[in-house]
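This report takes up the overall build of a single chain and then turns to one of its helices. The sequence and the structure come first.

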Amino acid sequence: MSQNSGAEVLRYTAFSADPEGGNPAGVVLDASGLDDAAMLAVAAELGYSESAFLTGRDGPGDATSREEPGGEGAPAARAYTIRYFSPKAEVPFCGHATVATALALAERDGPGDLVFRTRAGTVPVTVAREGTELRATLTSVAPHVLDIAPGDLAEALAALDWPAAGLDPALPPRIAFAGARHLVLAAATRERLADLDYDFARLEALMHRLDLTTLQLVWRAAPTVFHVRDPFPVGGVVEDPATGAAAAAFGAYLRAEGLVPDAAVLTLHQGEDMGRPGTLTVELRAGDERVRVSGTGTRVEAREPGAAAG
């Protein structure tokens with residue numbers, strides 16, 4: 001229970017089956033009685049990068065929302081309105097809290113197809129059992145990729161204390177969106193990615209001005225394998241341990257830049273430098289602009305909150 005609201009607050013970690021890995025999120029399966037201030041208070045009390053709140057149960061999802069193994073003849077997807085709050089503000093979409101919420105619903109009601117109505121748009125999610133684990137797969141809203149102005153890029157690098165020469169020229173800086181905006185910056189070496197000690201206030205100010213949720217910092221280990229990190233000062237935390245929304249945006253970026261085939265499966269390793277390793281699987285499908293992000297997760301016991309976007 002939250003002392004602030006009286007609502008039942010569950011705690012799940014997403015993108016790892018280990019409670020000590022992945023990204024923790026608060027999940028409120030019935031937030032119908034909470035106003036904005038109460039939801040923000042719950043998120044602040046938990047201290048996680050984001051928490052998710054189901055504010056209403058909607059009608060069945062339409063047929064276009066169904067994902068495999070659904071389709072014609074499959075049961076209608078269960079549909080919900082969902083909202084996401086960091087300790088400082090509401091955010092339009094959060095991938096890891098979506099996965100956490102889907103897993104919580106699957107443990108309560110069984111696996112199957114879900115539809116989440118978010119501020120960013122409709123997000124279908126399928127939860128399937130794989131052996132002893134549940135795996136959730138979300139499908140993003142339509143993505144897009146934008147250039148970043150040279151002055152804004154210079155300010156981002158200055159806030160990070162990264163030299164321009166430390167970037168990988170094969171992966172150009174871009175702003176990518178798949179439900180939330182993220183600045184993609186590729187480090188030339190794993191050592192550069194590991195060296196993250198940034199100016200919190202300076203980066204936060206730039207991100208507010210550009211309407212960024214996180215920076216997606218990446219290093220390419222293999223053609224379809226990446227290590228990633230996500231500073232999240234606008235959410236009130238230094239770094240996000242596993243960021244589903246950024247993973248979706250990054251998949252869209254890679255395809256838009258011609259860096260991977262139109263159909264590809266990518267593996268993103270995140271959280272290692274924080275001691276909370278997790279794995280995000282990103283799937284691109286030919287003929288479908290949307291991006292799918294999947295991962296496991298598990299419920300964690302209530303404890304003192306730690307600052308772990310999306």
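A residue is called buried when its relative accessible area is under 20%. The model discussed here is predicted, and all of the values below were computed from it.

Helix 2, which covers residues 95-109, has 12 of its 15 residues buried, so this helix is largely enclosed by the rest of the structure. The buried residues of helix 2 are Gly95, His96, Ala97, Thr98, Val99, Ala100, Thr101, Ala102, Leu103, Ala104, Leu105 and Ala106. From its first C-alpha to its last, helix 2 reaches 21 Å, close to the 21 Å expected at 1.5 Å a residue. Just after this helix comes Gly110, whose phi is positive at about 100 degrees.

For the chain as a whole, the secondary structure amounts to six helices and 18 strands. The radius of gyration is 18 Å, close to the 19 Å that the globule rule gives for 310 residues, and the chain is therefore as compact as a globular protein of that length. Along the principal axes, the C-alpha atoms fill a box of roughly 50 × 45 × 35 Å.

The table gathers further values for the chain.

| Property of the chain | Value |
|---|---|
| Residues that count as buried | 57% of 310 residues |
| Exposed area | about 11,800 Å² |
| Share of the exposed area from carbon and sulfur atoms | 50% |
| Positive side chains | 26 side chains |
| Negative side chains | 42 side chains |

As for the placing of these charges, the centre of the positive set and the centre of the negative set lie 3 Å apart.

Methods:
Residues numbered from 1 in each chain as written. Predicted model: local features only at pLDDT ≥ 70, side-chain atom pairs only at ≥ 80, totals over all residues. Heavy atoms only, no water. Helix = DSSP H or I, 4+ residues; strand = E, 2+ residues; numbered from the N terminus. Expected span 1.5 Å × (residues − 1). Buried < 20%, exposed > 50% of the residue type's maximum accessible area, 1.4 Å probe, protein only. Rg over C-alpha atoms; globule rule 2.2 N^0.38 Å. Areas by Shrake-Rupley, 256 points an atom, 1.4 Å probe, with all protein chains shown as cover. Lys, Arg positive; Asp, Glu negative; His and termini not counted. Charge placed at Lys NZ, Arg CZ, Asp CG, Glu CD.
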